[in-house]
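Student: I'd like a close look at one part of this model, with its surroundings followed outwards from there. Pick a spot, and keep the numbers in, please.

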Amino acid sequence: MATSTSAGAPLGAVDQERVQEFLEKVITDGGAAVAGLCTSLGDRLGLYTAMAGAGPVTSARLAARTGLVERYVREWLDAQVAGEYVTYAPGTDTYQLPDEHAAVLADPDRSTYAAGFFTMLQAVYATEDSLMDAFRTGEGVGWEEHGPALFAGTAKFFRPGYAAALVPEWLTALDGVVEKLERGARVADVGCGYGWSTTLMARAFPRSSFRGFDFHRPSVEAARGIAAERGLADRVSFDVATAQDFPGEDFDLITFFDCLHDIGDPGGALRHAEHALADGGTCMIVEPNASGNAQENTNPVGRALTAASVAVCLPSALAQHGPQALGNHAGEEAMRTIADHAGLHHWRLAAESPVNRVYAVGR
C-alpha cells in the first residue's frame, strides 16, 4: 500500500535502505549545525588559540589558561572530541588540538584559517523569521538588517584568503596593474566592508592612493579604525557610498571583492565603474567559485556558497529593489554579459582559488 505525506500527496514504494542512508546524512548535517556553535565559541573564547601548540592538556589546565569555568570547558572539549576536532587520551585524561587543526582554527594570520565562517552563523540563524516572510512576499532582507556578527564574521572569513593571494597572485595576474601600483596609481575598492582588501593593497604599494566605498556605515567606520591602527590613514580613505554613486574618476584600478552579486543593480555598478575608470584602467571582479549549473555545486564549497546565497546574498540584493538579483552563483557567463552591456567588453578569468574566481575586466 502506498503511503502519503502530511500534505496528502501519495508516496510510491521507497527503498528503506536509501531512506536510512539519507536519514543518517540529515542527522549528520544537524549535528554539524549544532557543532558550529561550539566551533564559534571555541574561536571567540580563545580555546583553540590556547590549545594550539600546547600539547596534551587537561580541562582544568585549559580552563585556568583561558579564565573560563572548567565544567563548561570539559563539556566543550567532549563535543570537540566527538566531532574529531580534538583528540583525547583517556589514560591521562588529556585533550590535544593537532597542529594541522590549529592551522585552520587557531591562527587568523594563516591562509587556512576558517573560523570566521562560524561567527557568521549567529547572525544568519537570527534572521530565519525574516527570511520566511521574504519567501512569502518576495521582499528582501537587507545587509544592514543582520546582526554585527555577520559583518565581523564576513571580514574574518575572507581576510586570510585575501592576505594569501591578493597581492602575490591576483594582482600579478592582471596585465600591467602591478607596475602601475608600484609607480603610483589611484584605486577604488567598491563594497570594501571592513577594508581588509583595501589595506592589504595599500601596505604593498605605498606610492598609490586607495579609496574604499561601502553603503554600510558601521563597516566603513570599522575600516577607518583598521587603517588607522596600521598607520595607513595617510593614503587610505573610506567613505559611505553605493556602487552606483561612489565619487571620483580616473581610477587605474576599481575592485569588487565578493560583493557584486549582493548588489541589486550590478549592471548599474559596472556602468558607473566604466565611467570612473582612467584610460587603460582595469576592473578586478572577485566572485565566489560557484557555478550557474546547480549540479556542479554538489561539493563542500559549492554547498556552503549556495546556502549563503539563500541566507544572505539573494535577500540583500532583493532588498535594494534593483533590476537584477543574481545570488552568488549566477555563473561567469551571466556576469560577463552584464559587464559587456555596461561597456566593459574585455573579460578574462585571471586567477582562481577553491573559494574565489578573479576576473580582469576592461573597456
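Tutor: Let's zoom in on Thr-199, bearing in mind that the model is predicted. Thr-199 sits in helix α10, which runs over residues 196–204. Which residues does Thr-199 touch, once those up to four places away in sequence are set aside? They are Ile-226, Ala-227, Leu-232 and Phe-238. Thr-199 counts as buried because its relative accessibility is 3%, and the cut-off for buried is under 20%.

A useful companion to Thr-199 is Arg-235, found in the loop that joins α11 (217–229) to β7 (236–240). Is Arg-235 buried or exposed? Buried, since its relative accessibility comes out at 19%. Skip the neighbours within four places in sequence, and the contacts of Arg-235 are Ala-202, Arg-203, Phe-205, Pro-206, Ser-208, Ser-209 and Phe-210.

For another buried residue in a helix, take Ala-123, in α6 (residues 116–126). With 5% relative accessibility, Ala-123 counts as buried. Beyond the residues up to four places away, Ala-123 touches His-146, Gly-147, Ala-149 and Leu-150. Then there's Ala-311: the C-alpha atoms of Ala-123 and Ala-311 are 9.9 Å apart, with the two positions 188 residues apart in sequence.

Helix α4 lets us do this for a whole element. α4 covers residues 70–82, and its 13 residues at 1.5 Å each should span 18 Å, which agrees with the 18 Å between its end C-alpha atoms. Which residues of α4 are buried? Val-73, Trp-76, Leu-77 and Gln-80. These four lie on the same side of α4, because the arc they cover around the axis is only 105°. The general rule behind this is that an α-helix has 3.6 residues a turn, so residues three or four places apart point the same way. Among the elements covering the buried residues of α4 are α1, α2 (47–51), α3 (59–66) and β4 (94–96). After α4 comes Glu-84, with a positive phi near 65°.

α1, part of that cover, deserves a stop of its own. Leu-37 belongs to α1 (residues 16–44), and at 54% relative accessibility Leu-37 counts as exposed. Leu-37 joins Leu-41 and Leu-45 in a nonpolar surface patch, and together they have about 270 Å² of accessible area.

Now for the charges. How many salt bridges does the structure hold? There are 18. In one of them, the side chains of Asp-29 and Arg-303 come together with an N to O distance of 2.7 Å. Asp-29 is in α1 and Arg-303 is in α13 (residues 300–318), so this pair ties together parts 274 residues apart in sequence. Asp-29, at 26% relative accessibility, counts as partly exposed, and Arg-303, at 47%, counts as partly exposed too.

Two other pairs are worth checking against the cut-off, which is a side-chain nitrogen within 4 Å of a carboxyl oxygen. Arg-110 and Asp-107 form a salt bridge whose closest N and O atoms are 3.9 Å apart. Arg-110 has 45% relative accessibility and counts as partly exposed; Asp-107, with 29%, is partly exposed as well. For Asp-265 and Arg-271, the salt bridge has an N to O distance of 4.0 Å. Arg-271 is partly exposed, given its relative accessible area of 39%.

Finally, there's a salt-bridge network that links Glu-332, Glu-333, Arg-336, Glu-352 and Arg-357. A good way in is Leu-349, in strand β10 (residues 346–352). Neighbours within four places aside, Leu-349 is in contact with Glu-332, Arg-357, Val-358 and Tyr-359, and two of the names on that list, Glu-332 and Arg-357, are also in the network. With a relative accessible area of 31%, Leu-349 is partly exposed. The C-alpha atom of Leu-349 lies 9.9 Å from that of Val-286, and the two are 63 residues apart in sequence.

Note on methods
Residues are numbered from 1 along each chain as its sequence is written. This is a predicted model: local features need pLDDT of at least 70, side-chain atom pairs count only at pLDDT 80 or more; totals for chains, interfaces and linings use all residues. Side-chain values use heavy atoms; hydrogens and water are left out. Patches are made of residues with over 30% relative accessible area and no salt bridge: like charges are joined within 9 Å, nonpolar side chains (Val, Leu, Ile, Met, Phe, Trp, Tyr) within 5 Å. Accessible areas come from the Shrake-Rupley method with a 1.4 Å probe; for residues, only the protein chains shown count as cover. Helices (H or I, at least four residues) and strands (E, at least two) are DSSP runs, numbered from the N terminus. Buried means under 20% relative accessible area, exposed over 50%, partly exposed in between (1.4 Å probe, protein chains only). The expected span of a helix is 1.5 Å times one less than its number of residues. The arc is that of the directions from the helix axis to the C-beta atoms. Contact means heavy atoms within 4.5 Å.
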